Each structure stands twice: as structure tokens, then as C-alpha cells.
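Subject: A structure for you to look at

Hello,

I am passing on the structure I mentioned, and I would be glad if you took a look when you have a moment. My notes follow below the entry.

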Amino acid sequence: MAQAKDENFPVASRVLKPEHRRHLLAVYGFARLVDDIGDEAAGDRLAQLDAVEADVQRIYAGRDPELAVLRPLRGTVDAVGLPVDPLAALIEANRQDQRVSRYETYDELVDYCKLSADPVGRIVLYVFGRATDERFVWSDRVCTALQIVEHLQDVAEDLGKDRIYLPAEDMARFGVAEADLKAPRASSDLRKLVAFEAGRATNLLRAGAPLVDSLRGRERLAVAGFTAGGRAALAAIAAADHDVLGRRPRPGKAGLLRELVRVLARKR
């Protein structure tokens, strides 16, 4: 839970109402546990994910979960009417990470994002009491974009885990081989590939822009900050000339603030 303040997930934002922050922290505890199992746990990760899912099912059966980090989640589920589907999807995303380490097409990658990223935005909307089908569509676009951006920032780190989230069809199109991802600096072909994928993420963020306009007050500011983080990360990638191997492109505070103003003003 101490990691929450360093995450892009808006759990530590001071602009949130205390009850929203409390609920998001409860969800964060679950999401962090699931991700840590999927990425770092020793032993049978699938069995451990099954155990977490069983604990989540205890919540929906009206019982307290066995894992201490999940106990606050029961109050959140009851208070905001959070369905089990987005929680189950996040668990399934980490199961998929144990079985799938490469994605042949962009569509396959987007399907993965439907499990690993889109549920996060839907959970936030439930916590804010703003869950509607229309907002889900916008939120899914934003969250898929943010996941793609994170994959671009983490090409080298993901390769260290034997995972590649750049679609194989796009790598072939731009003449990029897996060996190119191991270099200390990105080749010209890899930079072109990264720029192409960054363009896709930019278009998704634009398509999801109405989500911010549909919200008001603190909720609008929090979601705008989330979107601005993605835009600022894309700007940082572009500023690095799309070299994501030399070092992880990270936006500075000035860049984040600039993009936040643009998002709130709908300057695209």
C-alpha cells in the first residue's frame, strides 16, 4: 500500500473526496497484489491467482476474505455496487501473462488491454458513482491508450521478463527483430515503430476525450490528470526521439501540468 503514492492510478490524489480515496486504495491493494503475483511471485503463480479469485468470490458471497489486503475491498464492493467482472478481468490478465508473452496483431494486444487496463477505468467510474455505458466506451479508449503508452515506455523492462507487447505484425512491417530490442539504443526502424504505436495511443486518447467533459468537480480533475499523464508520457517519448531503450522516457512535472491544462481546456 505504501507504493500507492508513486502510481499513476489516482489513489493518492489530494483532489479526491476522502471516501473516494478510501475506496480506490482498497481496489489498489487488490490490483497491486494481483500484479505482483503475476510479475514476481515464486512458485505456482496460476495457483496463487486462483486463491485470490476465490477470496474475491468470498466477498461476493457476503463473507470476509482471508487475505488481509483484500478486507477493505468488501466495504467498497458494498458501498459503490462494484460488480465482480472488472476484478475478475484483472486476475485473468495476469493469468494470460503466464501463458502469452508475444502478441501477433494489434487486435490481440487490444483484447489483452480489455483485461489488463480497461477494467481500471470502469472501477474508477463505479467508485465515483458515474458508471454508464457511454462513459465505459470513452474510458476503455483512454485506458487502452495508457496501457499502450506504458508498454512503449517499458520495452526493455518487459523484454527482461521475456515479454514483448509490440505487435509482431508491426515489428515485421517496420523491419524490427527481437534482437533489436536488446540494444542499448533504439535503431531508426525501432524509433519509427514506436512513433507508429504512439500515434495509435494518441488517437485513442482523443477518442476518449469526452469522458473528462462528462464529469464535474473533483472527479473531472482526477480523470483529467489520468489522461494528462498519458499525453505527457507520449510527449516525453517524442522528446526522446522515440528511443525507449536508452532510458525510460518520463514526463516532468511541468509537462504534466501543461497537458492537464490542455485536457481541461480541450486543446488537442
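Let me begin with a pair of side chains: Glu 259 and Arg 231 form a salt bridge, with N and O 2.8 Å apart. The two partners come from distant parts of the chain, Glu 259 from helix 13 and Arg 231 from helix 12, with their positions 28 residues apart in sequence. Both Glu 259 and Arg 231 are buried. Please keep in mind throughout that this is a predicted model.

Helix 13 also holds Val 261. This valine counts as partly exposed because its relative accessibility is 48%, between the limits of 20% and 50%. From Val 261 to Gly 225 the C-alpha distance is 9.3 Å, although the two are 36 residues apart in sequence.

**The chain as a whole**

Stepping back, the secondary structure consists of 13 helices and zero strands. Read from one end to the other, the pattern is therefore α-α-α-α-α-α-α-α-α-α-α-α-α. For 268 residues, a compact globule would be expected to have a radius of gyration near 18 Å, and the chain agrees with that, at 18 Å. Along its principal axes, the C-alpha atoms fill a box of roughly 55 × 50 × 30 Å.

Of the 268 residues, 47% count as buried. The accessible surface is about 12800 Å², and carbon and sulfur atoms contribute 50% of it. If you take the contacts between residues at least 6 apart in sequence, 67% of them join residues at least 24 apart.

**Charges and salt bridges**

How many positive and negative side chains does the chain have? There are 41 positive and 41 negative ones, and the centres of the two sets are 8 Å apart. In general, side chains of opposite charge can pair when their charged atoms come close. The structure holds 25 salt bridges, and besides the pair I started with, these are the ones I would look at.

Arg 200 and Asp 170 meet in a salt bridge, at 2.8 Å from N to O. This pair also links distant parts of the chain: Arg 200 is in helix 10 (residues 188-207) and Asp 170 is in helix 9 (residues 168-173), 30 residues apart. Asp 170 counts as buried because its relative accessibility is 3%, under the 20% limit.

Another salt bridge joins Arg 185 to Asp 243, where the closest N and O atoms are 2.5 Å apart. Here both partners sit in loops: Arg 185 between helix 9 and helix 10, and Asp 243 between helix 12 (217-239) and helix 13 (253-265), 58 residues apart in sequence. Is each partner buried or exposed? Arg 185 counts as exposed, at 52% relative accessibility, whereas Asp 243 counts as buried, at 5%.

There is also a network of salt bridges that links Asp 39, Asp 97, Glu 157, Lys 161 and Arg 163.

**A buried glutamate in helix 10**

Glu 197 is found in helix 10, and it is buried, with a relative accessible area of 2%. What is Glu 197 in contact with, leaving aside its neighbours within four places in sequence? The list is Tyr 106, Ile 148, Leu 152, Leu 166, Pro 167 and Asp 170. You will recognise Asp 170 as the salt-bridge partner of Arg 200.

**Two aspartates with positive phi**

Most residues other than glycine have a negative phi, and two aspartates may interest you for that reason. Asp 162 has a phi near 60° and lies in the loop between helix 8 (155-160) and helix 9. Asp 162 is partly exposed, at 45% relative accessibility.

For Asp 241, phi is near 55°. Asp 241 belongs to the loop between helix 12 and helix 13, where Asp 243 is also found. With a relative accessible area of 46%, Asp 241 counts as partly exposed.

If you open the model, one place to start is the pair Glu 259 and Arg 231, in helix 13 and helix 12. From there you could move on to the loop between helix 12 and helix 13, which holds Asp 241 and Asp 243.

Happy viewing, and warm regards

Terms used: Residues numbered from 1 in each chain as written. Predicted model: local features only at pLDDT ≥ 70, side-chain atom pairs only at ≥ 80, totals over all residues. Heavy atoms only, no water. Helix = DSSP H or I, 4+ residues; strand = E, 2+ residues; numbered from the N terminus. Rg over C-alpha atoms; globule rule 2.2 N^0.38 Å. Buried < 20%, exposed > 50% of the residue type's maximum accessible area, 1.4 Å probe, protein only. Contact = heavy atoms within 4.5 Å. Areas by Shrake-Rupley, 256 points an atom, 1.4 Å probe, with all protein chains shown as cover. Lys, Arg positive; Asp, Glu negative; His and termini not counted. Charge placed at Lys NZ, Arg CZ, Asp CG, Glu CD. Salt bridge = Lys/Arg side-chain N within 4 Å of Asp/Glu carboxyl O.
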